[in-house]
Amino acid sequence: MTVVGFLPNQYLTVKLLILYAKSGDMDTAHIIFDRLQFKCLVSWNAMIAGYVQKGMEEVGLCLYYKMKRCGLKPDQYTFSSVFRACASLSILEQGRQAHAMMIKRLICRNVVVNSALMDMYFKCSCPYDGYLVFERSLEKNVVTWTALISGFGQHGMVVDVLDSFHRMVSEGFRPNTVTFLAVLSSCSHGGLVDEGREYFSSMKRDYGIQPSRKHHAAMADLLGRAGRLEEAYEFVKNSPFKEHPALWGALLGACKVHGNMDMVKLAAMNYFELEPENAGKYIVLSNAYASFGMWNNVAEIRRVMKESGVKKEPGYSMIEVQRQAHFFSMGHNTHTQTGLIYEVIRDLTCVLRDTGDLPELRS
């Protein structure tokens with residue numbers, strides 16, 4: 001079978017490329033991609049989306065710019081991946097440029113693209129721009145509404161979250177599981193215990209949605225943040241997802257904040273017994289013990305990590321300057337301008353010396 005726009009075997013090759021890209025096998029996908037005689041837009045989109053989905057956003061963006069240099073014009077699928085990449089990397093300028101090109105290409109009615117664009121603006125700390133994208137969208141559905149609600153929630157705009165939720169419902173859209181998760185998280189950060197309980201109950205009662213483990217973890221976090229540790233403990237203990245570490249992790253975090261050492265020990269024991277090979281858990285437990293001065297426990301956690309060969313990926317921060325992303329890894333001064341950066345920090349320290357709150361500098 002020959003498809004218009006493809007060479008005789010091109011269609012099957014591209015389908016194979018898409019299959020590998022969607023499965024996350026980007027090494028094989030790239031080999032197929034390099035061997036294509038004619039790289040169509042579909043093949044470029046598959047590669048860009050595959051890399052973004054795998055968390056290799058920088059590679060996906062490089063392919064996007066290479067695709068444009070080859071003379072191909074991006075479509076809604078391209079922009080959707082590009083916005084997701086910019087959102088993950090928090091690189092606003094490149095996201096704005098892609099948005100401008102999307103407008104020129106007259107791609108404004110696709111709800112998936114608009115949702116990804118909104119998410120990009122919210123994650124790049126531009127909530128008003130995200131709201132404008134929503135208001136100017138010609139078509140709205142539960143996905144765009146949820147993107148708006150989640151975006152407001154990311155910035156702690158609890159009033160806007162709840163107002164948007166009720167506006168969404170009043171306009172005839174049914175919230176989904178992601179919508180309720182955003183609402184519950186906002187109630188948690190806003191200390192709205194009674195409201196959070198009501199939203200949690202309405203999921204099954206009014207919409208036939210069975211709360212998932214994430215919703216139960218959000219409720220545990222809601223009660224814990226409000227200082228209702230006993231209620232949170234009872235909720236977790238009676239939850240159908242009590243075997244999932246997320247619930248005990250939420251309780252552990254709340255106990256740490258409110259200084260309940262006995263509850264910390266109880267939550268830590270249950271938290272650690274579930275998936276003990278998870279490196280992140282060791283760090284959470286170590287920090288929790290350290291906050292109470294339980295240094296013997298901290299030392300024990302570190303010893304177990306070392307003996308078990310568990311290693312945590314180092315944290316890093318990223319900043320975009322003039323369209324170039326700069327990464328700074330914890331404990332590694334490998335940036336080419338490290339010396340200059342430390343000079344600026346020392347200069348700022350001198351300026352701030354009169355405040356009496358000086359940062360600790362380590363060379």
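1. Partly exposed, as used here, covers a relative accessible area between the buried cut-off (under 20%) and the exposed one (over 50%). R167 sits at 31% relative accessibility, so R167 falls in that partly exposed band. Bear in mind throughout that this is a predicted model.

2. R167 has E171 as a salt-bridge partner, with 3.3 Å between the closest N and O atoms. E171 is partly exposed too, at 44% relative accessibility. There is a further member to look at here: salt bridges with shared partners link E135, R167 and E171 into one network.

3. Zooming out, the salt-bridge count for the model comes to 10. If you want one that joins separate helices, try D129 with R96, whose side chains meet at 3.0 Å, N to O. D129 belongs to helix α8 (residues 127–136) and R96 to helix α6 (residues 92–104), so this pair ties together parts 33 residues apart in sequence. As for solvent, R96 is partly exposed, with a relative accessible area of 32%.

4. Next, E198, which is found in helix α12 (residues 193–207). Its salt-bridge partner is R205, and the closest N and O atoms are 2.5 Å apart. A relative accessible area of 41% makes E198 partly exposed. E198 also pairs up with L184 in a distance check: the two are 14 residues apart in sequence, and their C-alpha atoms are 9.8 Å apart in space.

5. On to the empty space. The largest pocket holds about 390 Å³. Its lining is made of 19 residues, and those nearest the pocket centre are K22, N45, A49, Y77 and S81. If you plan to look at the pocket on screen, those five residues are a handy place to centre the view.

6. Which helices each supply at least two residues of that lining? They are α1 (10–23), α3 (41–53), α5 (76–89) and α7 (111–123). The biggest contribution to the lining of the largest pocket comes from α3, which gives 7 residues.

7. Last, the chemistry of that lining. The residues lining the largest pocket split into 9 nonpolar, 7 polar and 3 charged. K22, one of the residues nearest the centre, is a lysine, and lysine counts as charged.

Note on methods
Residues numbered from 1 in each chain as written. Predicted model: local features only at pLDDT ≥ 70, side-chain atom pairs only at ≥ 80, totals over all residues. Heavy atoms only, no water. Salt bridge = Lys/Arg side-chain N within 4 Å of Asp/Glu carboxyl O. Helix = DSSP H or I, 4+ residues; strand = E, 2+ residues; numbered from the N terminus. Buried < 20%, exposed > 50% of the residue type's maximum accessible area, 1.4 Å probe, protein only. 1 Å grid on protein atoms, 1.4 Å probe; cavity = no way out; pocket = protein on both sides within 12 Å on 5 of 7 lines; lining within 4 Å. Points joined across faces, edges and corners; volume = space filled by probe spheres on them.
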